[in-house]
Amino acid sequence: MQVLKFGGTSVANADNINKVVAIVQQSILRDKTVVVVSALGGVTDSLLKAGALAAIADESYKDVLATIERRHIDAVKVLVPVAKQSSILSWVKQRCNEIEDICNGVFLLGELSDRTRDRIVSFGELISSQIVAARLKAAGTDAVWKDARELIITDSNHGYAAVDFAITDHNIRSYFAAAVENLFVVPGFVASSQAGLTTTLGRGGSDYTAAIFASALDAKVLEIWTDVSGMMTADPRLVPHAKVLPRISYQEAMELSHFGAKVIYPPTIQPVMSKSIPVWIKNTFDPEAHGTVIENEVVKRNGNNIRGITSINKIALLSLEGPGMVGVPGFSKRLFEALAAEQINVILITQGSSEHSICVGIDEATLVDAKAAVDKAFAWEIETGKVDPLVVEPGLSIVALVGDNMKSHPGVSGKMFGAIGRNGVNIRAIAQGSSERNISAVIAAVDVKKAINVLHEEFFETTYKQVNLFIAGAGNVGSKLLSQLQQQHAWLQEQLRLQIRIIGIANSRKMVFNDEGVNLRNWKQELEAGQPMDLDKFVEITRSKNLRNSVFADVTANDNVAQTYDRLLEKSISVVACNKVACSSSYAYYKKLKDLAREYNASFQFETNVGAGLPVIGTLNDLLRSGDTVNRIEAVLSGTLNFVFNNYNGEKSFAEVVKQAQEEGYTEPDPRLDLGGTDVMRKIMILARESGEQLEMEDITNSTFMPASCMQGSVEDFYAEMAKQETHFKALYDEAVKAGKKLKFVAKYENGKAAVGLQHIDPQHDFYHLYGKDNVVLFYTNRYVEQPLVVKGAGAGAEVTASGVFADIIRAAH
Ligand code: ADP
Ligand code: ASP
Ligand code: MG
């Protein structure tokens, strides 16, 4: 004997039912078979909805019922040849009329009892199983339809009835002992009470029906046919990369299903486990796939002691607290008794070691009853101030790690909480089952998808880590960054095990989001087709997507974008900025961002703020982290100014050389920031701040070489005025040449003071041989006293800046 159960999706419509029939026809070649059938997918919910609407005198229940009827009739018309349709069609119609009669009664009474609800909802399975049986017969396969209500006997707990196994097993055995046929079709989910009334076995209960038959009949195997290829490492709707577990133990399956793996209804395991009947989870839509076998033997696996990650939604946390609880026995007992008396199921328990609080997780739907029951039970203690009124917190979920071997592996919980914490998910409560087969954490419902994916990555995806990137700015640097990301895609995945997905891109006009990742080959078109840019909206969407390993890259030079970093960091979204505005605005904001990054475990990277792609800030941080002290910094930090002074010799006008620097992409979008020295001030200030100095822009001395008249008006005015001032620039140049020196715009920081200005550099100096747009930074520290630590190289340009941003993104990802 074998038992095959087909779920709601497997019988959702005529096409699918044909697949089921094909599977059954193959199976009966092997053995006598019982086929257990769920209601057509979605029908159980619709029936419950119709009943609920009728009970509140909402006539739309009739529309719901009409849709249900149409679905069944349509299926019959496709599945059964016209000549044989009439009897099954009229049978289905009669059942639909019965449902309507009951609902009409509910409508008139304005009341829906649990008992009536069971009657209504039972029609889903009753009708679907008849249709499957009719199709089998029409396809030439004899099948006997048997009403499970005649065999499975339960108590009268409608909606969640408990099976009387002594009677049920006896009924099933005697029925099958007498039956001579080979194939039986049975409605799942439904049963009857001793009083002969229809009961149901709980949502998802068709699995249980199948297990009850398998166990009573000592079946060789129980097959659960569904819409996924087995029990997976996580719910595939939440984690697209979840993997099928080829084999697991009964205990693990039980734990996974108890903690939310819906693919199997939790009570299903017990009856088959006691008989050691193997359970196969198979995919109706991919029958060749191996599936999962659930069996006794605990299988050795390669090093991973976690089997799956699950979640339960709609959880509320109850906290009972009070000074009167310390050292007084019996509080927990009374709490649980109060809940049990209201039939409230406790899903998770934690107690602080202080004993001064107990925390339990329950189904959110039972919250009001729970609060009333507990406050009543402790009325006296509450009145006398020994205990506080019960604190309730809805809107939560449980995520759990499940695996047989966890007990022998410490550190699993550390890894779990570390990974969740790094992604800014707050844990409200923690529990470890005494079996040590699970560790569960209570978190906000909105964080579930993120937490499950983070954990999946941490425990299963040895292949790669996914980074979700949001880019503000698609100009010079931004487009270079995007093309580098495209070129390096395969390398990143192979060498660094990183998969970077661009979830959002914005420029000043447009923004676009794509959860699958913007296609890097045609991001320009995708962006053009996007919605109008709205910075607040861009940031809000970035926040609310709540994706793990989120990184926001600011490749603009925009003040407003810089003002959004705090809102990102406080959501644990890392920020990578080549925009210097944030780090060079007030010290208070700079400090706030640094603190937020630490507090929310996010990364705040801005290496390209100084020296473009050169490792200047990284080197400085390495020195400080290793215990060194910075005494003095001397630097040429403007690629633009270095380019200008290296190329200006009076042949071309100064204004023309500046223009050339702008055209080659070395200047800030507003070149006056470079020429006036502001950009260099910002950079030396950032280095001073990173060295621990609380410096503001006003504290920096700037001996500018630019005539004040050049700095007024627009960028065009600036170029025009510079042309007029050519003699001024020529004089600066000639003076330096006459003294045998070169002109460099130098920044200096020492003893808490910073200054920037144009200097004559003599040929012995480190700065003399500094060509093109290069930068150089000299760090004088306790370790580098006489000879400074020198960082030198290209300090401007879109390509090197983009690669610096790229490196920061990788740093943030790690
Ligand atoms: P059926 O109607 O066949 O009984 P269910 O919808 O009850 O099917 O269960 C199958 C669904 O369970 C899958 O579609 C999947 O989305 C969900 N599921 C949740 N967790 C898991 C898991 N760990 N492995 C496989 N499926 C899971
Ligand atoms: N049809 C019932 C439900 O949706 C039982 C089942 O499908 O297992 O809950
Ligand atoms: Mg199910």
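Let me begin with strand 19, which is mostly covered: 8 of its 9 residues are buried. Please keep in mind that we are looking at a predicted model. Strand 19 spans residues 498-506 and runs parallel to strand 18, to which 8 bridges join it. Within this pairing, Gln466 stands opposite Gln499 of strand 19.

Just before strand 19 we find Arg497, in the loop that connects helix 15, residues 476-496, to that strand. Is Arg497 buried, exposed or partly exposed? Its relative accessibility is 45%, and because the partly exposed class lies between 20% and 50%, Arg497 counts as partly exposed. For a sense of distance, consider Val272, which is 225 residues away from Arg497 along the chain. The C-alpha atoms of Arg497 and Val272 are separated by 42 Å.

Strand 19 also leads us to helix 17, since strand 19 is among the elements that cover the buried residues of that helix. Helix 17 comprises residues 535-545, and its buried residues are Leu535, Phe538, Val539, Ile541, Thr542 and Arg543. Their cover further includes strand 18 at 465-472, strand 20 at 510-513 and strand 22 at 550-554. Helix 18, at 559-562, and helix 19, at 565-569, also contribute to this cover.

Both ends of helix 17 deserve a remark. At the N-terminal end, Asp534 acts as a cap, with a side-chain oxygen 3.1 Å from the backbone nitrogen of Asp536. After the helix comes Asn546, which has a positive phi, near 55 degrees.

I turn now to the ligands, starting with ligand 1. Which residues are closest to ligand 1? Of the 16 residues that surround it, the closest are Thr226, Asp227, Met232, Arg237 and Lys262. Several polar side-chain atoms approach oxygen atoms of this ligand. For Asp227 the distance is 2.8 Å, and for Arg237 it is likewise 2.8 Å. Asp235 places a polar side-chain atom 3.2 Å from an oxygen atom of ligand 1. Taken alone, ligand 1 exposes 570 Å², of which the protein buries 90%. Its shell consists of 7 nonpolar, 4 polar and 5 charged residues.

Next, ligand 2. Around it stand Ser38, Thr44, Glu125, Phe189, Arg203, Gly204, Gly205 and Ser206. By class, that shell has 1 nonpolar, 5 polar and 2 charged residues. Arg203 brings a polar side-chain atom to 2.6 Å from an oxygen atom of ligand 2. Backbone atoms take part as well: a backbone N or O atom of Ser206 lies 3.0 Å from an oxygen atom of the ligand, and a polar backbone atom of Gly205 lies 3.4 Å from one. On its own, ligand 2 has 260 Å² of accessible area, and the protein covers 86% of it.

Finally, a small sheet. What is the strand order in the open sheet of 3 strands? The order is 4-6-7, and the pairing is mixed. Strand 4, at 153-154, and strand 7, at 198-200, are the edge strands; each has a single partner strand, so one side of each is left without a neighbour in the sheet. Strand 6, residues 190-193, pairs with strand 7 in the antiparallel sense over 3 bridges. In strand 7, Thr199 is the residue opposite Ala191.

Methods: Residues numbered from 1 in each chain as written. Chains lettered and ligands numbered in written order. Predicted model: local features only at pLDDT ≥ 70, side-chain atom pairs only at ≥ 80, totals over all residues. Heavy atoms only, no water. Near = heavy atom within 4 Å. Polar contact = N/O pair within 3.5 Å; in protein donor to acceptor, adjacent residues only side chain to side chain. Areas by Shrake-Rupley, 256 points an atom, 1.4 Å probe, with all protein chains shown as cover. Nonpolar A, V, L, I, M, F, W, Y, C, P; charged D, E, K, R; others polar. Helix = DSSP H or I, 4+ residues; strand = E, 2+ residues; numbered from the N terminus. Buried < 20%, exposed > 50% of the residue type's maximum accessible area, 1.4 Å probe, protein only. Contact = heavy atoms within 4.5 Å. Pairing = 2+ DSSP bridges.
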